[in-house]
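Biologist: I'd like a close look at a single part of this one, with the rest brought in where it helps. Could you walk me through it?

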Amino acid sequence: MAPTGNVRSFIWNHFLKLEKGKAQCRICMETYSFSRGSTSNLKRHFKLKHRTTHG
Ligand SMILES: [Zn+2]
């Protein structure tokens, strides 16, 4: 199992990693592509559609 210490991206609590460069939103089940190393695309979607927390 993976060691702890990679909890940096909260986004992966809400997205499911698919094949390389793709992720699926757990809430609306939409599939999005994202650049390697950059999840800003997913964060943007989450903030726009499912934002629950401030910041
Ligand atoms: Zn969504």
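Modeller: Let's start with M29, which counts as exposed because it has just 8 C-beta neighbours inside 10 Å, where 12 or fewer is the cut-off for that label. Bear in mind that this is a predicted model. M29 sits in the loop between strand 2 and strand 3, and its backbone deserves a look: phi is positive, about 65°, although M29 is not a glycine. As a rule, most residues other than glycine have a negative phi.

The other loop to look at is the one between strand 1 and strand 2, where you'll find K20. K20 has 7 C-beta neighbours inside 10 Å, so it counts as exposed too. Along the chain K20 and F34 are 14 residues apart, and their C-alpha atoms are separated by 8.9 Å.

Now for what surrounds those loops. The protein has three strands and one helix, and going along the sequence you meet them in the order β-β-β-α. Helix 1 covers residues 40-50, and its buried residues are L42, H45 and F46. Looking down the axis of helix 1, the buried residues fall within an arc of 100°, so they line one face of the helix. The general geometry fits with that: an α-helix has 3.6 residues a turn, so residues three or four places apart point the same way.

What do the buried residues of helix 1 pack against? They pack against strand 1 (15-17), strand 2 (22-25) and strand 3 (31-33). Turn to the face of helix 1 that points away from its buried side and you find the exposed residues S40, R44, K47 and L48.

Zooming out, buried residues make up 9% of the 55 residues in the protein. Take the contacts between residues at least 6 apart in sequence: 18% of them join residues at least 24 apart.

As for confidence, the protein averages a pLDDT of 82, and 78% of the residues score at least 70. Among the elements, strand 2 has the highest mean pLDDT, at 95, while helix 1 has the lowest, at 92. So to come back to where we began: M29 is an exposed residue, in the loop between strand 2 and strand 3, with a positive phi of about 65°.

Key. Residues are numbered from 1 along each chain as its sequence is written. This is a predicted model: local features need pLDDT of at least 70, side-chain atom pairs count only at pLDDT 80 or more; totals for chains, interfaces and linings use all residues. A residue is buried if 20 or more other C-beta atoms lie within 10 Å of its own, exposed if 12 or fewer, and partly exposed in between; C-beta atoms are placed from the backbone. Helices (H or I, at least four residues) and strands (E, at least two) are DSSP runs, numbered from the N terminus. The arc is that of the directions from the helix axis to the C-beta atoms. Two residues are in contact if their C-beta atoms, placed from the backbone, lie within 7 Å. pLDDT is the predictor's confidence in each residue, from 0 to 100.
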